[in-house]
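Open the model in your viewer and keep the selection panel at hand. The stops below go from one side chain to the sheet, the helices and the ligand.

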Amino acid sequence: MSLDLATDTKITWCPGCPNSQILVSFRQAVEEFVADGTMELQNIVAGAGVGCHGKISDYLEVNTFNSLHGRIVPTLTGIKLANPTLEVVGFSGDGDSFSEGFNHITHAARRNTDISLFLHNNQVFALTTGQATSTSTRGFKGGTTPQGSIDEPMNPALIMLAVGATFVARTIASDITKTKEILKAAMLHKGFAFVDIIQPCITFFDTREYYKERVHWLSEKHEKKSLDAAFDAVRGASEKKVPLGIFYQVEKPTFEELV
Ligand code: SF4
């Protein structure tokens, strides 16, 4: 019998929002894991923070939990510590985890807590109608920056490499199949797995054309176990090129094992 993870809840994302593509990628990933026996549905927990991304928990027929703004990472850490046999996944946004909850995500990464964190990175506070986040580009005009943001944006993948995440990747929501494969690799990884998902907000910061011309996938020769190669790949980004793929993946003891 095929598994259907859709719920009856009406989807209220803006029509065409790439959040729907992430939803499809994740549903397909879980459906494939359950179908081939890699995971059991009752052992999967998929939590979310606050923001447009957070609605995803209403659209998934899995164990879910909505946390406070910026607090999905410590919530998931508690779930994983209480029952380390669970497959624990978190959805968060750039506003949720790189503005509100930045302290939490960096410490979970350095501790190598065995959870996967999928960042819906739309470079804007979208649910609250368009304010700058820590990943908004310099010059971004929104509710809090009407004359343009004067700040340099954070690079989430670079930060995760710097603080010790053992799996760091980037993908783009519009490539549903490749995103599904990267989400699956992250879920299979033992340790903190971080996936930066470029998810343009078509209502408040439409970057679809910008990224369409710039994204490129890492070569198959990329050495995932080399931290230097990972830093070079992430730093290789420029105004003209935005690299996608698994930058880094190594095995280290997890937080739960050490506890
Ligand atoms: Fe998607 Fe932006 Fe609409 Fe939120 S506001 S649902 S991120 S398009």
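Select S99 and S134. In this predicted model, the side chain of S99 comes to 3.1 Å from the backbone nitrogen of S134. S99 belongs to helix α3, residues 94-100. Leaving aside residues up to four places away in sequence, S99 touches D94, F125, T133 and S134. Is S99 buried or exposed? Neither label applies, because its relative accessible area is 29%, which makes S99 partly exposed. Add A29 to the selection: S99 and A29 are 70 residues apart in sequence, and their C-alpha atoms are 28 Å apart in space.

Next, show the strands as a cartoon. Eight of them form an open sheet with mixed pairing, in the order β2-β1-β3-β4-β6-β5-β8-β7. At the edges are β2 (63-66) and β7 (215-217), each of which pairs on one side only. From one strand to the next, the twist averages 20°.

Within the sheet, pick out β1 (residues 44-48) and β3 (residues 87-93). The two strands pair in the parallel sense, over five bridges. To line them up by eye, start at I44, which stands opposite E87 in β3.

Now add helix α1, residues 19-35. Which strands does α1 lie across? The helix lies across β1, β3, β4 (116-121) and β6 (193-198). Relative to β4, α1 runs at about 160°.

Move on to T179, in helix α6 (residues 176-188). T179 has a relative accessible area of 0%, so this residue counts as buried. A polar atom of the T179 side chain lies 2.9 Å from the backbone oxygen of I172. Not counting residues up to four places away in sequence, the contacts of T179 are S25, T171, I172 and A173. One of these, S25, can be found by going back to α1, which spans residues 19-35.

For the next stop, select helix α5, residues 156-163. Its buried residues are P156, A157, I159, M160 and L161. Step just past the end of α5 to G164, where phi is positive, at about 110°.

Finish at the ligand. Select the residues around it: W13, C14, C17, N19, C52, N122, A126, Q199, C201, I202, T203 and F204. How many residues of each class does this shell have? Colour the shell by class to see eight nonpolar residues, four polar ones and no charged residues.

Methods: Residues are numbered from 1 along each chain as its sequence is written. This is a predicted model: local features need pLDDT of at least 70, side-chain atom pairs count only at pLDDT 80 or more; totals for chains, interfaces and linings use all residues. Side-chain values use heavy atoms; hydrogens and water are left out. A residue is near a molecule or strand if one of its heavy atoms lies within 4 Å of it. Ala, Val, Leu, Ile, Met, Phe, Trp, Tyr, Cys and Pro count as nonpolar, Asp, Glu, Lys and Arg as charged, and the others, Gly among them, as polar. Helices (H or I, at least four residues) and strands (E, at least two) are DSSP runs, numbered from the N terminus. Buried means under 20% relative accessible area, exposed over 50%, partly exposed in between (1.4 Å probe, protein chains only). Contact means heavy atoms within 4.5 Å. A polar contact is a pair of N or O atoms within 3.5 Å; within protein, one must be able to donate a hydrogen and the other to accept it, and residues adjacent in sequence count only if both atoms are side-chain atoms. Two strands pair if DSSP finds at least two bridges between them. Axes are lines fitted to C-alpha atoms, for helices over the stretch in contact, and angles run from 0 to 180 degrees between N-to-C directions.
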